[in-house]
Amino acid sequence: MNIFILVILIILLLLFIICITKLTIFISYYHNGDDDELMVRVRMWRIFSYTFKAPLIKIDKDSPSIIVEEEQEIGGIEDEKKVKITFERIMKELQRIKDFLQHVVGFHKIVRRFLKHVSVKDLRWTTNVGVSDAALTGFLSGMAWSVKGGIIGLIANYTRMRNMPKLTINPHFQQTLSQTDFKCIVSFRIGYSIIAGILVLKHWKRRPASLKTSEEEA
């Protein structure tokens, strides 16, 4: 009996450690003309590390699709592969997302509750834009400020912004240029993501009455 209690206590202790463990996610995206690079690095306990990179995005000449070269690294083991993204694949993924959202009642509330515990810091976003036309470059710069302001506003509204983001837009009136460099650090405790997952499972089989009616009629 004492051994059984000891095992239960050890399991509860491990669950507690997992719940309070913080995940830190480093996000970086760089765009320069035809070159794009996305990097996402996940760290836990400063021991476990997972890195995802999509260093090259190009258009396939033989078909209306985009080819992405992905690199993944877990514990020093690297894996590379090419992924072809077609319009059909995008539509299929969108349909899957739509089906998922229809299965979960109040999904946006679950997400908002989770995002309240997500911290965002060291957000830096630098953009260089130019089209060799002063008026058009000024217009694009203003549009870029509006887009950035809207996105940062959403992030600040739904998450915890730990410090002021550093936003920069540099208009280039004498050359055609398109550059973007985005970096930020996102962190949250695993326990909050577990709670969000439990809530999704709890509401998974529940569907709105209107959806059930339409399915029965079909």
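**Exercise 1. Disulfides.** Count the disulfides in this predicted model.

*Solution.* Start with the rule: a disulfide is a pair of cysteine sulfur atoms within 2.5 Å. Such a link is a covalent bond between the sulfur atoms of two cysteines. Apply the rule: the count comes to 0. Next, classify two cysteines by relative accessible area (buried under 20%, exposed over 50%, partly exposed in between; 1.4 Å probe, protein chains only). Cys19 has 31% relative accessibility, so Cys19 counts as partly exposed. Cys184 has 7%, so Cys184 counts as buried.

Residues are numbered from 1 along each chain as its sequence is written. Local features need pLDDT of at least 70, side-chain atom pairs count only at pLDDT 80 or more, totals for chains, interfaces and linings use all residues, and side-chain values use heavy atoms, with hydrogens and water left out.

**Exercise 2. A hairpin.** Describe how β1 and β2 pair.

*Solution.* Strands are DSSP runs of E, at least two residues; helices are runs of H or I, at least four; both are numbered from the N terminus. Two strands pair if DSSP finds at least two bridges between them. β1 covers residues 22-32 and β2 covers 35-44. They pair in the antiparallel sense, over 10 bridges. Ser28 stands opposite Met39 in β2. The two strands form a hairpin with 2 residues between them. In the turn, Gly33 has a positive phi of about 65°.

**Exercise 3. Positive phi outside glycine.** Place Asp122 and Ser132, and give the phi of each.

*Solution.* Most residues other than glycine have a negative phi. Asp122 has a positive phi, near 50°. Asp122 lies in strand β6 and is partly exposed, at 36% relative accessible area. Ser132 also has a positive phi, near 65°. Ser132 sits in the loop between β6 and α4 (134-158). With 46% relative accessible area, Ser132 is partly exposed.

**Exercise 4. The largest pocket.** Which strands each supply at least two residues of the lining of the largest pocket?

*Solution.* Fix the terms. On a 1 Å grid over the protein atoms alone, a pocket is an open set of points where a 1.4 Å probe fits, with protein on both sides within 12 Å along at least five of seven lines; lining residues have an atom within 4 Å of a point. Volume is the space filled by probe spheres set on the points, which are joined across faces, edges and corners. The largest pocket has about 190 Å³. Its lining includes Lys22, His117, Arg160 and Tyr192. The strands are β1, β6 (119-131) and β9 (176-189). β9 gives the largest share, 3 residues.
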